[in-house]
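Take a look at the model below. The report that follows covers its charged pairs, its fold and a few individual residues.

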Amino acid sequence: MTAIEQKTPVAMLSVTAGEAEVAHSGFEKNILAGECAISQLGLGEVRGHKFGVWQVSPGEFTSTWDDWEAFTIVSGQGVLIDGTGREHRLVPGALVVVPPGSTGTWRITETLRKTYVYPADSVGR
């Protein structure tokens, strides 16, 4: 048997992200304006990656990523301004891939919900 054949199978998971019940978990750390209340639903960790549903209330805050993250906007809207000044529209259906070492300023105008995946050992944000 090869190493690939010996890996334990992972069960498929699914959630309707727009309807999932998310729990309040605190507030963003680097708030510039607004409340920026965080709610989330962690769906698990598989082979070194965490994934789930995350939501933030309107406001403005900054983030730094020590590792990569990929997310898709489910509802709400805003803009993420990266460290170069480029604006990334955060609207339903937008897919954003953030490389390690990135910085950004979030301007959330309508409660924003996203699905995410990032390395489990990441300490960014």
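## A buried salt bridge

K114 has a relative accessibility of 1%, so it counts as buried, the cut-off being under 20%. This is a predicted model. The partner of K114 is E69: their side chains form a salt bridge, with 2.8 Å from N to O. The bridge joins distant parts of the chain. E69 belongs to strand β6, residues 69–82, and K114 to strand β9. Along the sequence the two lie 45 residues apart.

Is E69 buried or exposed? E69 is buried as well, at 3% relative accessibility. Both ends of this bridge are therefore under the 20% cut-off: E69 at 3% and K114 at 1%.

## The other salt bridge

How many salt bridges does the structure hold? There are two. Besides the E69 and K114 pair, the side chains of R107 and E60 meet at 3.3 Å, N to O. This pair also links distant parts of the chain. R107 sits in strand β9, which covers residues 103–119. E60 sits in strand β5, residues 59–64. The separation in sequence is 47 residues.

R107 has a relative accessible area of 38%. It is classed as partly exposed because that value falls between the 20% and 50% limits. Strand β9 thus supplies a residue to each bridge: R107 to one and K114 to the other.

## Fold and overall dimensions

The protein chain has one helix and nine strands. Which pattern do they follow along the sequence? The order is α-β-β-β-β-β-β-β-β-β, with the helix leading. Measuring along the principal axes is done on C-alpha atoms, which fill a box of roughly 55 × 30 × 25 Å.

Contacts reach across the sequence. Of those with a separation of 6 or more, 66% join residues 24 or more positions apart. The chain has 125 residues, and 34% of them are buried. Its accessible surface is about 7,500 Å². Carbon and sulfur atoms account for 53% of that surface. The chain carries 10 positive and 14 negative charges. The mean positions of the two sets are 2 Å apart.

## Confidence

The average pLDDT of the protein chain is 91. A score of at least 70 is reached by 90% of the residues. Where does the pLDDT drop below 50? It does so over residues 1–5. Leaving aside near neighbours in sequence, that stretch makes one contact in the model.

## Two positive phi values

Most residues other than glycine have a negative phi. C36 has a positive one, near 55°. Its place is the loop between β2 (31–34) and β3 (37–46). C36 is buried, with a relative accessible area of 0%.

R47 is another non-glycine residue with a positive phi, about 45°. R47 lies in the loop between β3 and β4, the latter spanning 49–56. Is R47 buried or exposed? R47 is exposed, at 53% relative accessibility. The two loop residues thus fall on opposite sides of the classification: C36 is buried, whereas R47 is exposed.

## Three further positions

E45 is part of strand β3. At 52% relative accessibility, E45 is classed as exposed because the value is over 50%. Which residues does E45 touch, beyond those up to four places away in sequence? They are K50, F51 and A120. V79 is 34 residues from E45 in sequence, and their C-alpha atoms are 28 Å apart.

E28 occupies the loop between β1 (23–27) and β2. Although it is a loop residue, E28 is buried, with a relative accessible area of 10%. From E28 to S75 the C-alpha distance is 19 Å, and the sequence separation is 47 residues.

W106 is in strand β9. W106 is buried, with a relative accessible area of 0%. F27 is 79 residues away from W106 along the chain. Their C-alpha atoms are separated by 14 Å.

Definitions and conventions:
Residues numbered from 1 in each chain as written. Predicted model: local features only at pLDDT ≥ 70, side-chain atom pairs only at ≥ 80, totals over all residues. Heavy atoms only, no water. Salt bridge = Lys/Arg side-chain N within 4 Å of Asp/Glu carboxyl O. Helix = DSSP H or I, 4+ residues; strand = E, 2+ residues; numbered from the N terminus. Buried < 20%, exposed > 50% of the residue type's maximum accessible area, 1.4 Å probe, protein only. pLDDT = per-residue confidence, 0-100. Contact = heavy atoms within 4.5 Å. Areas by Shrake-Rupley, 256 points an atom, 1.4 Å probe, with all protein chains shown as cover. Lys, Arg positive; Asp, Glu negative; His and termini not counted. Charge placed at Lys NZ, Arg CZ, Asp CG, Glu CD.
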